[in-house]
Amino acid sequence: MIHNIQTVSTYIEEIEKLINDKKQNYYFRGQDDAFSNTLPSVFRSRKLLDNEDNMFNDFLMADPQLFEKCRTNFERMALMEHYHLPTRLLDVSSNPLIALFFAVKGGQGNGEVYVYKDRPNREKLAKMLDERGWHNLIAEYKFKSGLTNHNYFKKNAFSNEMQLESSLARQSMADKSAFFQTIKNFYQLDDRYVAHQHRLCGAMIT
């Protein structure tokens, strides 16, 4: 849903109406007209993405003391983002007024504020996973997101998932491709196994 807003007071009113659902957390990102999309900076250029590992490791070696208090690759990447190195992170804020500032501070035209929830749209997520062949993840998400106070996509900075994802930044493109192909193969095998078990159960019942 897109709102065309002309004043700060109208902006605040729309935000208040939008975030009346207290069961979810909302985050905001403001961009001026210099941005054409909301991709993290390293994904805006094929050259940057192909050299992500080199940029990460070169920055790390250029000033090791800068990172001496960082315990994880995620913390290192967050610090690199702060110093404007292109990374796979995207800056958002829990304060909508901060997002508004970044939307209007430098552009000559219309700025934009994007609103994110920490719970995805189930139907859109299921469609996306189905199109990519990740069928079992749909059922896994629906099961885990139904548990009390469990948010499947909200990850702690020290979680195993976050450690794995942030460590991808230090891998070559060939290693990343091999990793994702292995994961895809695993879920394809898992899907075939589940489908086979369903057929066996159906045959036994009839």
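In the predicted model, helix H6 is followed by glycine 133, whose phi is positive, near 80°. A positive phi also occurs in a residue other than glycine, histidine 84, with a value near 70°. Most residues other than glycine have a negative phi. Histidine 84 sits in the loop between helix H4 (73-82) and helix H5 (96-104). Its relative accessibility is 72%, so histidine 84 counts as exposed.

Helix H6 spans residues 122-131. Its buried residues are Leu125, Ala126 and Leu129. These residues lie on the same side of H6, because they cover an arc of only 100° around the axis. The face turned away from the buried side carries exposed residues, namely Glu123, Lys124, Lys127 and Glu131. Leucine 125, placed in helix H6, has a relative accessible area of 10% and is therefore buried. The C-alpha atom of leucine 125 is separated by 7.8 Å from that of isoleucine 138. Along the chain, leucine 125 and isoleucine 138 are 13 residues apart.

The protein as a whole has nine helices and two strands. From the N terminus on, its elements follow the order α-β-α-α-α-α-β-α-α-α-α. The chain has 206 residues, of which 26% count as buried. About 14700 Å² is exposed by the protein. Carbon and sulfur atoms supply 55% of that area. Contacts between residues at least 6 apart in sequence were also examined by separation. Of these contacts, 66% join residues at least 24 apart.

One cavity of 30 Å³ or more is present in the structure. The largest cavity holds about 50 Å³ of space. Its lining consists of Glu52, Met55, Phe56, Met77, Leu85, Pro86, Thr87, Arg88 and Ala169. Helix H3 (residues 52-62) gives the largest share of this lining, with three residues. By class, the cavity lining has six nonpolar, one polar and two charged residues.

Glutamate 52 and arginine 88 are among the residues that line the largest cavity. Glutamate 52 belongs to helix H3. At 4% relative accessibility, glutamate 52 lies under the 20% cut-off and so counts as buried. With neighbours within four places in sequence left aside, glutamate 52 is in contact with Val42, Arg88, Leu168, Ala169 and Lys176.

Arginine 88 is located in the loop between H4 and H5. Its relative accessibility is 22%, so arginine 88 counts as partly exposed. Leaving aside neighbours within four places in sequence, the contacts of arginine 88 are Pro40, Val42, Phe43, Glu52, Met77, Glu165, Leu168, Ala169 and Lys176. One of these contacts, Met77, also lines the largest cavity. The C-alpha atoms of arginine 88 and methionine 77 are separated by 8.4 Å. The two residues are 11 residues apart along the chain.

Lysine 176 is in contact with both residues: it touches Glu52 and Arg88. Leu49, Leu168 and Gln171 are also touched by lysine 176, not counting residues up to four places away in sequence. Lysine 176 is part of helix H9 (residues 173-205). At 5% relative accessibility, lysine 176 counts as buried. Leu168 appears in the contacts of glutamate 52, of arginine 88 and of lysine 176. Ala169 is in contact with glutamate 52 and with arginine 88, and is part of the cavity lining.

The second largest pocket contains about 1100 Å³ of space. It is lined by 25 residues. The closest to its centre are Ile2, His3, Ile5, Glu112 and Val113. Helix H1 (8-18), helix H5 and strand E2 (112-117) each supply at least two lining residues. The largest share, six residues, comes from H1. By class, the pocket lining has 15 nonpolar, seven polar and three charged residues.

Definitions and conventions: Residues are numbered from 1 along each chain as its sequence is written. This is a predicted model: local features need pLDDT of at least 70, side-chain atom pairs count only at pLDDT 80 or more; totals for chains, interfaces and linings use all residues. Side-chain values use heavy atoms; hydrogens and water are left out. On a 1 Å grid over the protein atoms alone, a cavity is a set of points where a 1.4 Å probe fits but cannot get out, and a pocket is an open set with protein on both sides within 12 Å along at least five of seven lines; lining residues have an atom within 4 Å of a point. Grid points are joined across faces, edges and corners, and a volume is the space filled by probe spheres set on the points. Helices (H or I, at least four residues) and strands (E, at least two) are DSSP runs, numbered from the N terminus. Ala, Val, Leu, Ile, Met, Phe, Trp, Tyr, Cys and Pro count as nonpolar, Asp, Glu, Lys and Arg as charged, and the others, Gly among them, as polar. Buried means under 20% relative accessible area, exposed over 50%, partly exposed in between (1.4 Å probe, protein chains only). The arc is that of the directions from the helix axis to the C-beta atoms. Contact means heavy atoms within 4.5 Å. Accessible areas come from the Shrake-Rupley method with a 1.4 Å probe; for residues, only the protein chains shown count as cover.
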